[in-house]
Amino acid sequence: MPRITTTLSLCLFSSLTLAAPLKGAVYSPEPGVICDKKAGFCADSQGISIAFTKQFLGDKAEQKMIEISRENFDPTVFTLTNGVHCEVKTRQCTVSKFDSTVDAAHTQALFGGSTPAAPNHAAAL
C-alpha cells in the first residue's frame, strides 16, 4: 500500500509542477477555460464564451461581451491583455499576434487534452 500512495503522490506533484503559470490578468478557473480579468472575457477551446464570461467574471462582463458580439466579431481568434494570441482553428496560443512562437502554458490551459467539438457558443452570439 505505501508504494501506491507514494506513486500517486509523485504523479499529483508532477502534474502540478509541470503547469506553467499564466501571465498578467489571465487565469484558468477550471481546466479548458481561461479568463482575462482586464479584458473582461473568458474562453474555452471553442472560443470566447459568453456563458463562461458570466460565470467567472459576472453580469457586467457578460453584457459587455454581448454588445461586442453584435459587431463584426470572430470569437475564435482573440488576443489577451498579456499579449498572448489564441486561435481555435490552429488550437494554439502564441506569444503574440506577430510572433508565432507557441506559448505552451496558455495553449495547454485552453486546448490541452480536449478534442474538437461542435461549437456551442453560436446561439449565445
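These are figure legends for a set of close-up views of a predicted model.

**Figure 1. The whole chain, as a starting point.** Before zooming in, here is the overall layout. The protein chain has 4 helices and 8 strands. Going along the sequence, they come in the order α-β-β-β-β-α-α-β-β-β-β-α. Of the chain's 125 residues, 34% count as buried. The exposed surface comes to about 7,800 Å², with carbon and sulfur atoms supplying 60% of it. As for contacts with a separation of 6 or more, 43% are between residues 24 or more positions apart.

**Figure 2. The largest nonpolar core.** This core is made of 19 residues. Those with the most contacts inside it are Ile34, Phe41, Phe78, Leu80, Cys86 and Leu110. Strand 3 (41-44), helix 3 (59-69) and helix 4 (104-111) each put in at least two residues. Helix 4 gives the largest share, with 4 residues. As a general backdrop, nonpolar side chains in soluble globular proteins tend to be buried together.

**Figure 3. Phe41 meets Phe78 edge-to-face.** The structure holds 2 aromatic pairs, and this view takes in the one made by Phe41 and Phe78. Their ring centres sit 5.7 Å apart, with 80° between the planes, so the pair counts as edge-to-face (the cut-off is over 60 degrees). Phe41 belongs to strand 3 and Phe78 to strand 5 (residues 77-79), so the pair ties together parts that are 37 residues apart in sequence. Both Phe41 and Phe78 are buried. Both also turn up in the list of residues with the most contacts inside the largest nonpolar core.

**Figure 4. Phe52 and Phe56, stacked within one helix.** Here the pair is Phe52 with Phe56, at 5.9 Å centre to centre and 25° between the planes, which makes it stacked. Both residues lie in helix 2, 4 residues apart, or about one turn of the helix. In general, an α-helix has 3.6 residues a turn, so residues three or four places apart point the same way. How buried or exposed are the two partners, Phe52 and Phe56? Phe52 has a relative accessible area of 18% and is buried, while Phe56, at 23%, is partly exposed. The two fall on opposite sides of the cut-off because buried means under 20%.

**Figure 5. The two sides of helix 2.** Helix 2 covers residues 50-57, and its residues Ile50, Phe52 and Thr53 are buried. These three span an arc of only 160° around the axis, so they sit on the same side of helix 2. Over on the other side, Ala51 and Gln55 are exposed. What do the buried residues of helix 2 pack against? Their partners are strand 1 (26-30), strand 2 (33-36), strand 3, strand 4 (47-49) and helix 3.

**Figure 6. Both ends of helix 2.** Ser49 caps the N-terminal end, with a side-chain oxygen 3.4 Å from the backbone nitrogen of Ala51. After the helix comes Gly58, which has a positive phi, near 100°.

**Figure 7. Helix 4, mostly under cover.** Of the 8 residues in helix 4, 6 are buried, so "mostly covered" is a fair description given the under 20% cut-off. The buried ones are Ala105, His106, Thr107, Ala109, Leu110 and Phe111. At the start of the helix, Asp103 reaches in with a side-chain oxygen, to within 3.3 Å of the backbone nitrogen of Ala105.

**Figure 8. His106 and its surroundings.** His106 is in helix 4 and counts as buried, at 0% relative accessibility. Which side chains make polar contacts with the side chain of His106? One is Asn82, at 3.1 Å, and another is Asp103, at 2.8 Å. Leaving out residues up to four places away in sequence, His106 touches Leu22, Lys23, Val26, Leu80, Asn82, Val84 and Cys93. Asn82 thus shows up both in this contact list and as a polar partner.

**Figure 9. Glu67 with Arg70.** Glu67 lies in helix 3. Its relative accessible area is 44%, so Glu67 counts as partly exposed. The side chains of Glu67 and Arg70 are joined by a polar contact of 2.6 Å.

Key. Residues are numbered from 1 along each chain as its sequence is written. This is a predicted model: local features need pLDDT of at least 70, side-chain atom pairs count only at pLDDT 80 or more; totals for chains, interfaces and linings use all residues. Side-chain values use heavy atoms; hydrogens and water are left out. A nonpolar core is a set of buried Ala, Val, Leu, Ile, Met, Phe, Trp, Tyr and Cys residues joined through side-chain atoms within 4.5 Å. Buried means under 20% relative accessible area, exposed over 50%, partly exposed in between (1.4 Å probe, protein chains only). The arc is that of the directions from the helix axis to the C-beta atoms. Contact means heavy atoms within 4.5 Å. A polar contact is a pair of N or O atoms within 3.5 Å; within protein, one must be able to donate a hydrogen and the other to accept it, and residues adjacent in sequence count only if both atoms are side-chain atoms. Accessible areas come from the Shrake-Rupley method with a 1.4 Å probe; for residues, only the protein chains shown count as cover. Rings of Phe, Tyr and Trp (its six-membered ring) pair if their centres lie within 6.5 Å; planes under 30 degrees apart count as stacked, over 60 as edge-to-face and the rest as tilted.
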